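Q: I'm new to this one. Can you walk me through it?
A: Sure, take a look and ask away.

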Amino acid sequence: MQKWYHIFQRSTGLSPYVWVIFYILPFYFIFSSNSMYETIIGIVMVLMFFACYVLSFVSKGRMMYFWTAVQILISVTMTVLFGYVYFSLFLAFFIGNIQHKVGFITMYCIHLVTTFVTINYGFLTKNPVMLTQIPFILVSLLGVVLLPVTTYNRNKREKLEVQLEDANKRISELVKLEERQRIARDLHDTLGQRLSLIGLKSDLASKLITKNPTQAQAEIKDVRQAARSALKEVRELVTQMRGARLDEEMFRVEQILRAAQIEFTLKGDVKLPNTSLLNENVLSMCVKEAVTNIVKHSHAAACSIEIESSDTKATIKIEDNGRGLPKSFNLSKGNGLQGMKERLEFVNGTMEMISDNGMTLVISVPNVFKALEQEVGKS
């Protein structure tokens, strides 16, 4: 539940100045009355409404619904007596902040019905105050219908984003733990065995060096060969640790999009036989950053990734049906896109962005480094 003073924030969908006007307006309607008795009643109801409004935000459980019901009664009374219908907007915003689904639907329906009935009553009785503000009343009715749903969905989305971020952190920690365990197993199964062999061969060579020099030399040769094999295995292990494979990243991407309730479609082969490990690692990091942006900022319902690989380059097309980029978007300040561009430039890659009915990101890296990497490995 948000705080009551959050009505002044832009996230409500209305300008803060509009809310200030709604605070002042009831007094204008009250003082327009010719009866001192009605004026006093109106002032008391306004003060009661705002007191109940604050209490409804700070209360929990049944008391929250009680103070909300009191506000609805005050809003109905203000509409009947003074033609002031704009308390309904305060109620619409508050009801949208109710997190319990059943409570939200119940209060939303009650508020919607009472507002429609009260306004129709004012029109049927030909209340002159209400007849002079028909356009504003229609706008208020639209707010009563849309504002609670918009606020409820926004709060739900923000809550899901927080949960998704926490889940990503837990997944990241689990991945790190699993990687540490894998490295420990590899070191134990490969490097540990080689080092044990080197130790045994060295002890044997030291014993044979005076008794059988020829056999000692053979053992020393075996030690040298075992050391080279161990060094090769360490290099292979470090190489695997440095790079992130695209197929592994796609598995995590599917999990993240599924957790964010975004439909995911994958086209093409995630295996890139012609792409060097360095370039594949760059592609994986770019895909990860792009999907993170889609989850956090795009409001998309679907995302597709298309992979194309040839002898000369590897291309990945990431497309979503979200809201795209704003016209005033600045790449240098844009959600990690600048970092993606810099990574791609490091390996002579390219990045293209198309914002039309969503966002399309096309990233490419050359495959010319694969042959060079193979030549270095042979040497």
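Q: Before we start, what counts as a helix here, and how are helices numbered?
A: A helix is a DSSP run of H or I with at least four residues, and numbering goes from the N terminus. One more point: this is a predicted model.

Q: Good. Where do Lys341 and Glu345 lie, then?
A: Both are in helix 11, residues 337-346. They sit four residues apart, about one turn of the helix.

Q: What do Lys341 and Glu345 form?
A: A salt bridge. The closest N and O atoms are 2.5 Å apart.

Q: Is Lys341 buried or exposed?
A: In between. Lys341 has a relative accessible area of 29%, so it is partly exposed. Glu345 is partly exposed too, because its relative accessibility is 45%.

Q: Why do such pairs form at all?
A: Side chains of opposite charge can pair when their charged atoms come close.

Q: How many salt bridges are there in the whole structure?
A: A search finds five. One of them joins the side chains of Lys271 and Asp247, at 2.8 Å from N to O.

Q: Where are Lys271 and Asp247 in the chain?
A: In distant parts of it, 24 residues apart. Lys271 is in the loop between strand 1 (263-267) and helix 10. Asp247 is in helix 9. Asp247 is partly exposed, with 23% relative accessibility.

Q: Which side chain does Glu254 meet in a salt bridge?
A: That of Arg258, at 2.7 Å from N to O. Glu254 and Arg258 are both in helix 9. Four residues separate them, about one turn of the helix.

Q: And how exposed are Glu254 and Arg258?
A: Glu254 is partly exposed at 32% relative accessibility. Arg258 counts as exposed at 59%. The cut-off for exposed is over 50%, which means that 59% passes and 32% does not.

Q: Let's zoom out. How many helices and strands does the protein chain have?
A: There are 12 helices and five strands.

Q: What share of the residues is buried?
A: Of 379 residues, 37% count as buried.

Q: How much accessible surface does the protein chain have?
A: About 22,700 Å². Carbon and sulfur atoms account for 61% of that surface.

Q: What about contacts between residues far apart in sequence?
A: Take contacts between residues at least 6 apart in sequence. Of these, 69% join residues at least 24 apart.

Q: Back to helix 9. How do the axes of helix 9 and helix 10 cross?
A: At roughly 5 degrees, coming within 9 Å. So helix 9 is roughly parallel to helix 10. Here helix 9 covers residues 246-259 and helix 10 covers residues 277-298.

Q: Which residues meet there?
A: Helix 9 brings Leu246, Glu249, Met250, Val253, Ile256 and Leu257. Helix 10 brings Glu280, Ser284, Val287, Lys288, Val291 and Val295.

Q: And helix 3 with helix 5, at what angle do their axes cross?
A: At roughly 10 degrees. The axes of helix 3 (residues 62-82) and helix 5 (residues 101-124) come within 9 Å. That crossing makes helix 3 roughly parallel to helix 5.

Q: Who makes that contact?
A: From helix 3, the residues include Tyr65, Ala69, Ile72 and Val76. From helix 5, they include Met107, Ile110, His111 and Tyr121.

Q: Gln71 is found in helix 3 too. Is Gln71 buried or exposed?
A: Buried. Its relative accessible area is 0%.

Q: What does Gln71 touch?
A: Phe49, Cys52, Tyr53, Ser56 and Leu91, not counting residues up to four places away in sequence.

Q: Now the outside. Which residues form a nonpolar patch on the surface?
A: Met36, Ile40, Val44 and Met48. Together they have about 390 Å² of accessible area. Met36 is in helix 2, residues 36-58. Met36 is exposed, with a relative accessible area of 60%.

Q: Last one: where is Lys313?
A: In strand 3, residues 313-320. Lys313 is partly exposed at 43% relative accessibility.

Q: What is Lys313 in contact with?
A: Glu308, Val365, Pro366 and Asn367, leaving aside neighbours within four places in sequence. The C-alpha atoms of Lys313 and Ser364 are separated by 6.7 Å. Along the chain, Lys313 and Ser364 are 51 residues apart.

Key: Residues numbered from 1 in each chain as written. Predicted model: local features only at pLDDT ≥ 70, side-chain atom pairs only at ≥ 80, totals over all residues. Heavy atoms only, no water. Patch = residues over 30% accessible without salt bridge, like charges linked within 9 Å, V, L, I, M, F, W, Y side chains within 5 Å. Areas by Shrake-Rupley, 256 points an atom, 1.4 Å probe, with all protein chains shown as cover. Salt bridge = Lys/Arg side-chain N within 4 Å of Asp/Glu carboxyl O. Helix = DSSP H or I, 4+ residues; strand = E, 2+ residues; numbered from the N terminus. Buried < 20%, exposed > 50% of the residue type's maximum accessible area, 1.4 Å probe, protein only. Axes fitted to C-alpha atoms, helices over the stretch in contact; angles between N-to-C directions. Parallel < 35°, antiparallel > 145°, perpendicular 65-115°, else oblique. Contact = heavy atoms within 4.5 Å.
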